[in-house]
Amino acid sequence: MFSFLKKPKPNKVTVTSEARELFVAQDKTLLEAMLAEGMAMPHDCKVGSCGTCKFKLLDGKIRELSPSALVLERDELSAGYRLACQALPRSDLTIALDAPLLSQQAVKNYPATIVAATRLCPDIINLIVELDRPLSFTPGQYADLSLPSIDGPRSYSFAFAPKNGSAKQLQFHVRHVPGGAFTDWLFGGERLGTQMEVAAPYGAFHLKPSKAPMLCIAGGSGLAPIMAILQEARALGANRPVILLYGARTKAHLYCLDEISALAADWNAPFEFIPVLSEESPDSPWEGARGLVTQQIAEIPDRAQCEAYLCGPPAMVDLAEEVLLKAGVSRHAISADRFLDRSSAR
Ligand SMILES: Cc1cc2nc3c(=O)[nH]c(=O)nc-3n(C[C@H](O)[C@H](O)[C@H](O)COP(=O)(O)OP(=O)(O)OC[C@H]3O[C@@H](n4cnc5c(N)ncnc54)[C@H](O)[C@@H]3O)c2cc1C
Ligand code: FES
């Protein structure tokens with residue numbers, strides 16, 4: 001049949017600070033289009049709540065999925081800053097960015113099948129999905145998983161470092177969020193063979209080239225990208241001391257213990273693993289650390305000289321960052337990844 005309906009024309013976006021142009025389809029956000037072009041635009045949440053993806057709109061019109069005013073300060077708004085993850089270009093645009101962008105792998109879509117889903121602990125599943133072709137990514141990055149039956153994608157960090165930089169089978173540590181559409185579904189029955197779509201790679205959390213001791217702080221499934229980064233460091237022959245602080249609710253919620261022991265045994269420098277339990281019964285024979293994982297930071301000698309990698313629930317990461325800054329760790333020596341979800345969208 002003949003259609004008289006013309007597909008709307010994509011808008012041209014000129015990024016003056018990068019001397020670069022890209023085209024954005026009418027139904028794509030500016031952030032989606034930049035990532036698809038391999039431009040490493042910073043972003044944490046993609047739902048308009050963190051403010052990381054701000055850009056300066058110099059000319060042109062956008063429609064906002066949620067108002068930038070909910071996140072950005074008044075002076076930023078009057079200077080023209082807006083959120084790329086919430087901006088649908090409605091004309092050709094001219095924009096500028098505050099810092100130069102690195103280039104990274106372009107985000108692409110991959111048909112995928114669930115090939116394994118096994119419990120690691122009461123509320124975390126080790127999810128393995130197989131793609132139709134290999135995907136290249138940097139340990140610390142994440143993927144968006146989409147099921148046709150659930151509205152919108154869900155973000156999960158790669159829980160491993162790929163050999164030779166790419167992999168066809170992907171591993172994720174998925175924590176159950178009660179009341180969450182995707183995780184209620186995943187934890188609710190046998191899911192092997194389910195088809196989904198994976199969009200990746202996203203994110204800028206990664207191992208930095210440094211000789212400083214590494215202080216890794218993870219909460220719950222926040223261990224996933226930390227394991228990936230540590231595996232990469234080991235493969236590169238890193239010769240830096242590591243302290244891994246891991247916060248879990250109870251002893252039963254500790255997982256990956258064998259992998260952590262293997263990593264520590266194979267590490268070229270001292271490797272200390274400190275699990276910290278927040279809800280272990282006072283009657284339990286547990287003799288390790290108790291309380292919030294962030295309380296242990298004060299116990300670490302020479303902590304101001306460390307390079308920190310933080311990952312897990314946003315409140316834990318915020319607190320860890322605050323404690324580290326107060327302890328004299330430079331802001332540049334802190335890398336953080338916050339596991340935001342829809343409850344943090346404003
Ligand atoms: C970059 C990144 C990497 C991540 N990596 C991991 C990982 O490796 N492992 C991991 O376990 N998690 C990870 N997360 C978190 C993970 O994406 C979320 O836990 C997941 O999206 C939850 O999906 P869900 O469908 O189960 O919950 P959702 O349906 O998205 O709901 C999440 C929570 O929000 C509530 N909610 C839903 N809609 C709204 C609304 N409109 N307003 C207020 N509250 C609402 C729900 O009741 C529920 O409590 C990551 C997050 C990010 C941003
Ligand atoms: S990525 Fe856009 S506000 Fe968080």
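Here is a short chat about a predicted model and its domains.

Visitor: Before we start, how are things numbered and filtered?
Guide: Residues count from 1 along each chain as its sequence is written, while chains are lettered from A and ligands numbered from 1 in the order in which they are written. This is a predicted model, where local features need pLDDT of at least 70, side-chain atom pairs count only at pLDDT 80 or more, and totals for chains, interfaces and linings use all residues; side-chain values use heavy atoms, leaving out hydrogens and water.

Visitor: OK, which domains does the chain have?
Guide: The assignment gives domain 1 (11–96), domain 2 (108–202) and domain 3 (214–344); such bounds come from an automatic or database domain assignment.

Visitor: How far apart are the centres of domain 2 and domain 3?
Guide: Taken over C-alpha atoms, they are 23 Å apart. Each side puts 19 residues into the contact, meaning heavy atoms within 4.5 Å.

Visitor: What area is buried there?
Guide: About 1400 Å², with 60% from carbon and sulfur atoms. Buried area is the accessible area (1.4 Å probe) that two parts lose on being put together, summed over both. Pro139, Ser157 and His173 supply 30% of what domain 2 buries against domain 3, more than any other three residues.

Visitor: How many salt bridges between domain 2 and domain 3?
Guide: Zero, counting a side-chain nitrogen of Lys or Arg within 4 Å of a carboxyl oxygen of Asp or Glu.

Visitor: New topic: how far is Glu322 from Thr294?
Guide: Their C-alpha atoms are separated by 9.7 Å, and the two sit 28 residues apart along the chain.
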